[in-house]
Amino acid sequence: MSQAAQGLAAIRQKIDAMDADIHGLLMQRGELIAALQAAKGIGAPGGGTTAMHPAREARVIRALVERHTGDLPLAALERIWREIIASFTQLQAPFKVMLAGADQLTLCEIGRYYFGISTPLSYVAGSGDVLDAVAAHDDVAGVIVGDIAKDGSDWWARLAAASDHPARIVARLPFLIDNDETQAWRSPAFIVSRANVAPSGEDATLIAARGAASQPDEAFAAALGMSNAKQLARSQHGQDKTLLFEVPGHIPADNIPSGGDISLRWLGGYAVALRAPEKS
């Protein structure tokens, strides 16, 4: 065997050893997940979206990006880790994902990128179907594609109008942003579910202000009483008007002030998107 061939063989042996190490660590992770299930008392079918932790996922991806070096694309790195997270999440508490707002190919790419190959996906015509499913089944998470700040979609106003609706907005997509916007899975979207909204370290909160259409938009912002609030969208039906605001930071639902004549409704929150660093 030539010296070059011997060098290649040695490199391949190292790669094989690394693959074995990675597999071993994944199996160990599975054992820890089983222990976590036992400690938390979850894991039975129909356990709902209790194992979804969007804030934790955001912290994991941020840490990966911060320490990442080399030529492996960050999008590939995020995809690998989301597959790992999604697969073990399904082991803890199986749930389904329902998607709407785009063609089926786009919805499939978004679903697989963020929820992995183990998560059952279904596609419906409208956002209303997604919200109905989340309301009726605690083991359904929804993805509604579209940028509400631009496309005029007002499905969020339905959540604002129904104070007892169990769905909340738990993530905004895409999370990792770079200069390549050609991939379908980078389409703007929101994840709605019954999962807990927790702080990730850098977050935004969504609050809807609802009142009479005759009142100026400025009155809705004043009722919110937060100078750093950004108006994302507005909806008007008959004599009612609803404005959607994004407020920097994590604000729990029970910390929303009373709006007086204008009712305020906490709609959820999400980790602020991470922009990938420019390549040097």
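**Entry 1: a starting question**

Leaving aside its neighbours within four places in sequence, which residues is Glu83 in contact with? I looked this up and found Gly116, Ile117 and Ser118, where contact means heavy atoms within 4.5 Å. Glu83 is found in helix 3; helices are DSSP runs of H or I with at least four residues, strands are runs of E with at least two, and both are numbered from the N terminus. At 17% relative accessibility, Glu83 counts as buried (buried is under 20% relative accessible area, exposed is over 50%, and partly exposed is in between, with a 1.4 Å probe and protein chains only). I also checked the C-alpha to C-alpha distance from Glu83 to Phe220: the two are 41 Å apart in space and 137 residues apart in sequence.

**Entry 2: ground rules**

A reminder to myself: this is a predicted model, so local features need pLDDT of at least 70 and side-chain atom pairs count only at pLDDT 80 or more, while totals for chains, interfaces and linings use all residues. Residues are numbered from 1 along each chain as its sequence is written, and side-chain values use heavy atoms, with hydrogens and water left out.

**Entry 3: the whole protein**

I noted 8 helices and 11 strands in the secondary structure of the protein. Along its principal axes, the C-alpha trace spans about 85 × 45 × 35 Å. Of the 280 residues, 43% count as buried. I found an accessible surface of about 14,500 Å², with 54% of it belonging to carbon and sulfur atoms; accessible areas come from the Shrake-Rupley method with a 1.4 Å probe, and for residues only the protein chains shown count as cover. Among contacts with a separation of 6 or more, 76% are between residues 24 or more positions apart.

**Entry 4: salt bridges**

Next I turned to charged pairs. I took a salt bridge to be a side-chain nitrogen of Lys or Arg within 4 Å of a carboxyl oxygen of Asp or Glu, and by this rule the count comes to 11.

My first pair was Glu57 and Arg82, whose closest N and O atoms are 3.1 Å apart. Glu57 lies in helix 2 (residues 54-67) and Arg82 in helix 3 (residues 74-92), so this salt bridge ties together parts that are 25 residues apart in sequence. Arg82 is buried, at a relative accessible area of 7%. Not counting residues up to four places away in sequence, Glu57 touches Arg82 and Ile85. From Glu57 to Ile85 I read 7.8 Å, C-alpha to C-alpha, with their positions 28 residues apart in sequence.

Back at Glu83, I found a salt bridge to Arg79, with the closest N and O atoms 3.0 Å apart. Both partners lie in helix 3, 4 residues apart, about one turn of the helix. Arg79 counts as partly exposed, at 24% relative accessibility.

Then came Lys96 and Asp139, with their closest N and O atoms 2.8 Å apart. Lys96 lies in strand 1 (residues 96-100) and Asp139 in the loop between helix 5 (127-136) and strand 3 (140-145), so the pair ties together parts that are 43 residues apart in sequence. Lys96 is partly exposed, with a relative accessible area of 37%, whereas Asp139 is buried, at 15%. I also saw that salt bridges sharing partners join Glu57, Glu78 and Arg82 into one network.

**Entry 5: strand 1 and its partners**

How many residues of strand 1 are buried? I counted 4 of its 5, and the strand is mostly covered. Two strands pair if DSSP finds at least two bridges between them. Strand 1 runs parallel to strand 3, joined to it by 5 bridges; Leu99 has Val143 of strand 3 as its bridge partner. Strand 1 also runs parallel to strand 2 (residues 121-123), with 3 bridges between them, and there Met98 has Ser122 as its bridge partner. The chain crosses from strand 1 through helix 4 (residues 104-115) to strand 2 in a right-handed β-α-β crossover (with the strands pointing away from the viewer, the path from the first strand over the helix to the second runs clockwise).

**Entry 6: a surface patch**

Last, I looked for nonpolar side chains on the surface. Leu8, Ile11 and Ile15 form a nonpolar patch there, with about 270 Å² of accessible area together. Patches are made of residues with over 30% relative accessible area and no salt bridge; like charges are joined within 9 Å, and nonpolar side chains (Val, Leu, Ile, Met, Phe, Trp, Tyr) within 5 Å. Ile15 is found in helix 1 (residues 3-40), and at 43% relative accessibility Ile15 counts as partly exposed.
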